[in-house]
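Q: I am new to this structure and would like a close look at a single part of it. Which part would you choose, and what lies around it?

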Amino acid sequence: MSREKIPVTTALLALKKHEAAFVLRPYRYEDRGGTRVSARELGVEEHEVIKTLVMEDDDKSPLIVLMHGNREVSTKTLARLLGVKAIHPCDPKTAEKHTGYRVGGTSPFGMKKALPVYMEASIAELPRILINAGSRGLLAEMPPSELIRILSPVPVRCGTP
């Protein structure tokens with residue numbers, strides 16, 4: 001059985017630079033499959049797969065929201081928490097410009113620009129998370145404490161089922 005070639009990404013370089021404890025989990029990527037597909041392919045709960053969402057506030061200032069795969073972001077709640085009028089997802093080209101990653105392979109690690117990172121608070125309570133490692137079809141499995149240590153995300157409660 002031949003070994004799959006794992007791409008070197010800026011996310012992986014950032015994780016190695018920070019001496020993060022993680023395991024790479026490649027899977028067969030499907031367009032528009034999202035966390036449902038990655039969870040199925042890797043045999044894990046979708047709740048443990050963390051989405052990296054690129055959003056903007058009403059002034060077009062970008063930010064990252066980390067959310068459980070099986071939950072959505074209440075942009076109204078998040079806007080209220082951040083004291084802005086509105087929050088909305090970036091269009092794919094704008095998201096790629098801010099992060100340096102293709103949509104579907106966006107990682108909060110090693111982004112092109114340093115953006116504020118907000119994390120659904122309950123992510124910290126999980127025993128492990130799987131989060132994008134900078135390429136479509138490649139997740140990094142780690143304890144949430146590693147993500148918190150490296151990124152220092154602001155915990156928020158804005159997830160909806």
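A: Let me begin with one term: two residues are in contact when they have heavy atoms within 4.5 Å of each other. Please also keep in mind that this is a predicted model. The part I would choose is helix H2, which spans residues 34-42. Its buried residues are Thr-35, Val-37, Ser-38, Ala-39 and Leu-42. A general point about helices helps here: an α-helix has 3.6 residues a turn, so residues three or four places apart point the same way. You can look for that pattern among the names just given.

What covers this buried side? The cover over the buried residues of H2 includes strands S1 and S2, together with strand S7 (129-135) and strand S8 (138-142). Just after the helix comes Gly-43, with a positive phi near 70 degrees. Positive phi values turn up at other places too, and in residues that are not glycine. Glu-19 is one of them, with a phi of about 50 degrees; this residue sits in the loop that joins helix H1 (10-17) to strand S1 (23-26), and it is exposed, at 70% relative accessible area. Ser-152 has a positive phi of about 45 degrees. Its place is the loop between helix H5 (144-151) and strand S9 (154-156), where it is exposed as well, with a relative accessible area of 56%.

Now back to H2, which has a part in the largest pocket too. That pocket holds about 930 Å³ of space. Of its 36 lining residues, Lys-51, Thr-52, Leu-53, Val-103 and Gly-104 are the closest to the centre. H2 gives at least two residues to the lining, and so do strand S2 (49-57), strand S4 (72-73) and helix H4 (92-99). Strand S2, one of the elements covering H2, gives the largest share of this lining, 7 residues. By class, the lining has 15 nonpolar, 11 polar and 10 charged residues. The second largest pocket has about 170 Å³ of space, and 14 residues line it, with Pro-108, Gly-110, Met-111, Ala-114 and Leu-151 closest to its centre. Its lining is made of 10 nonpolar, 3 polar and 1 charged residues.

Strands S2, S7 and S8 lead us from the helix to the largest nonpolar core. As background, in soluble globular proteins, nonpolar side chains tend to be buried together. In this model the largest core has 27 residues, and those with the most contacts inside it are Leu-15, Leu-66, Phe-109, Met-142 and Leu-147. At least two of its residues come from each of H1, S2, strand S3 (62-68), strand S6 (117-120), S7, S8 and H5. H1 supplies the largest share, 4 residues. Met-142 is a good residue to follow by eye: beyond its neighbours within four places in sequence, its contacts include Leu-15, Phe-109 and Leu-147, along with Ala-21, Phe-22, Arg-128, Ile-129 and Ile-131. There is also a second, separate core of 11 residues, with Leu-63, Val-73, Ala-79 and Tyr-118 among them.

Strand S7 has another residue to look at, Gly-134. At 16% relative accessibility this glycine counts as buried, since buried means under 20% relative accessible area. Leaving out residues up to four places away in sequence, Gly-134 touches Thr-9, Ala-11, Tyr-101, Gly-105 and Ser-107. A second buried glycine, Gly-159, has a relative accessible area of 19% and lies in strand S10 (residues 159-160). Gly-159 touches Met-67, Arg-71, Glu-72 and Glu-120, with the same neighbours in sequence left out. Its C-alpha is 9.0 Å from that of Thr-75, although the two residues are 84 apart in sequence.

Finally, how many disulfides does the structure hold? The number is 0. Cys-90 has its closest cysteine sulfur 15 Å away, in Cys-158, and that is too far for a bond, because a disulfide needs two cysteine sulfur atoms within 2.5 Å. Both cysteines are buried: Cys-90 has 12% relative accessibility, and Cys-158 has a relative accessible area of 3%.

Definitions and conventions:
Residues numbered from 1 in each chain as written. Predicted model: local features only at pLDDT ≥ 70, side-chain atom pairs only at ≥ 80, totals over all residues. Heavy atoms only, no water. 1 Å grid on protein atoms, 1.4 Å probe; cavity = no way out; pocket = protein on both sides within 12 Å on 5 of 7 lines; lining within 4 Å. Points joined across faces, edges and corners; volume = space filled by probe spheres on them. Nonpolar A, V, L, I, M, F, W, Y, C, P; charged D, E, K, R; others polar. Buried < 20%, exposed > 50% of the residue type's maximum accessible area, 1.4 Å probe, protein only. Core = buried A, V, L, I, M, F, W, Y, C linked by side-chain atoms within 4.5 Å.
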